[in-house]
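Work through the exercises below with the sequence and the model in view. Each task is followed by a solution in steps.

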Amino acid sequence: MSLNHQTQGYSNVEYPYANAAYSSSQWLEKEQARNRRSKWIVIGSLLAVLGLIAVGVGVGVTVSKNHKSTSSSSSSSSSAVEQTDPNDPSTFKLDTRLKKSFWGIAYTPEGSQYPDCGNSLDQVITDIQLLSQLTDQIRLYGADCNQTALVVNMTVWLGNYPIPTDPAPYERQRDAIIDALKTYGVDHVSGITVGNEYILNYLNANGATDPNSAVGNQGAQLLISNITDTRNAVQALSLPKTIPIGTADAGSYFNTEVLEAVDYGMSNIHAWFANVSISQAAGWVNEFFQEQNVQPAAALPNQPKMYIAETGWPTASKDAGNESNGPSIASEPNLQTFLDTFVCQANNNGTGYFFFEYFDETWKDVQFGGVEGHWGLFYSNRTLKDITIPDC
């Protein structure tokens, strides 16, 4: 049964999920193609982010209390934020165009693709200065390239990106996470996400499509072993609080056995890849999430909490052939529509989500083309796109 969009706050929706033109099979086909790209996104990041706030940057906790405001922008990331005391990253001028309206934002420090690892503390400081004016929490994807150690007076959801064919990446990232927790503590850690589209990747690699098939369950057991190992490693630290352990996957690719082994699940849901029009996108995301993720999870014995790991709208395409998903184009006005129809409504409905994403990632544009490098609220140089951040 479809949800009542009026009561959910998505008044511009005409039940697109029930429309054959927006079939889930089309979305799954695009997700299967996109997963080959997404696995490169997260293989490199983590310690960098966790330590930034813990070591005294103070961004995210003190940011809105004692700084002057500015609406100026700049053409380079190094001057995207005006810092009044070069020795104190918490002394910077606020940008009046930015509002702390997002439940969370997906973030990968620039240059965090393993094994190249070209991220820098200065760049991450700039990112956190901007992000802290938009949200109180961020989601990381992986733990390579010292990503976790660079960010933390915001609430952070750490990530480990394992692959089925090689245990080394999982073990490397697990050890980085444990080291970060020992070094910086857990005050600003909300969870550890083990796996990002792991089941989707496993099914594609083994010629299957059903996450709860025999093949899907085989992949599930591999992932569950990593989840259990992470849980045991964290419990062995005897931390002052319990850190939830979860997983993330494409919206229709959650394996039931995996969900029964975690505290939470994070779902990647993109109306763009479902060929949904921008006028119906926000409602479609909400309806898909409720019907395909929240309700099934609530029926499980452990009732894992479900979140939206990624959702957003692209603003451009590298080539003309990919600038439209059929009914709508990738553009800044359409990103504005998605912001206006999703963010405050999701907040009011109590939906936990991570907006995708903070800034345009140029390496994706080079490597993958299409819309892949153009999902940011900011351009790659950290200047805000021609959008108005919702105030809620």
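**Exercise 1: A salt bridge and its surroundings**

Arginine 97 has a relative accessibility of 29%, so it counts as partly exposed; buried means under 20% relative accessible area, exposed over 50%, and partly exposed in between, with a 1.4 Å probe and protein chains only. The model is predicted: local features need pLDDT of at least 70, side-chain atom pairs count only at pLDDT 80 or more, and totals for chains, interfaces and linings use all residues. Residues are numbered from 1 along each chain as its sequence is written, and side-chain values use heavy atoms, with hydrogens and water left out.

Task: find the salt-bridge partner of arginine 97 and state whether that partner is buried or exposed.

Solution.
- Step 1. Apply the rule: a salt bridge is a side-chain nitrogen of Lys or Arg within 4 Å of a carboxyl oxygen of Asp or Glu.
- Step 2. The partner of arginine 97 is aspartate 95, with the closest N and O atoms 2.6 Å apart.
- Step 3. Aspartate 95 is at 8% relative accessibility, so it counts as buried.
- Step 4. By this rule the count comes to 10 salt bridges.

**Exercise 2: A pair far apart in sequence**

Task: describe the salt bridge of arginine 382 and aspartate 127, and say which parts it ties together.

Solution.
- Step 1. The side chains of arginine 382 and aspartate 127 meet at 2.8 Å, N to O.
- Step 2. Arginine 382 lies in the segment after helix 11 (362-367) and aspartate 127 in helix 4 (residues 121-131), so the pair ties together parts 255 residues apart in sequence. Helices are DSSP runs of H or I with at least four residues, strands are runs of E with at least two, and both are numbered from the N terminus.
- Step 3. Arginine 382 counts as buried at 2% relative accessibility, and aspartate 127 counts as buried at 0%.

**Exercise 3: The nonpolar cores**

Task: find which residues have the most contacts inside the largest nonpolar core.

Solution.
- Step 1. A nonpolar core is a set of buried Ala, Val, Leu, Ile, Met, Phe, Trp, Tyr and Cys residues joined through side-chain atoms within 4.5 Å.
- Step 2. The largest such core has 82 residues, and Phe102 and Phe355 have the most contacts inside it.
- Step 3. Helix 9 (residues 278-298) supplies the largest share of this core, 8 residues.
- Step 4. A second, separate core has 7 residues, among them Tyr264 and Phe354.

**Exercise 4: Helix 9**

Task: where does helix 9 bend, and how many of its residues are buried?

Solution.
- Step 1. Helix 9 has 21 residues and reaches 29 Å from its first C-alpha to its last, close to the 30 Å expected at 1.5 Å a residue. The expected span is 1.5 Å times one less than the number of residues.
- Step 2. The bend is about 35° at glutamine 290, taken as the angle between axes fitted to the seven residues ending there and the seven starting there.
- Step 3. Of the 21 residues, 15 are buried, so helix 9 is largely enclosed by the rest of the structure.

**Exercise 5: Threonine 311**

Task: place threonine 311 and list some of what it touches.

Solution.
- Step 1. Threonine 311 is in strand 9 (residues 305-311) and counts as buried at 0% relative accessibility.
- Step 2. Leaving out residues up to four places away in sequence, threonine 311 touches residues including Ile269, Val285 and Phe355, where contact means heavy atoms within 4.5 Å.
- Step 3. A polar atom of the threonine 311 side chain lies 3.0 Å from the backbone oxygen of isoleucine 269.

Note on methods. Polar contact = N/O pair within 3.5 Å; in protein donor to acceptor, adjacent residues only side chain to side chain.
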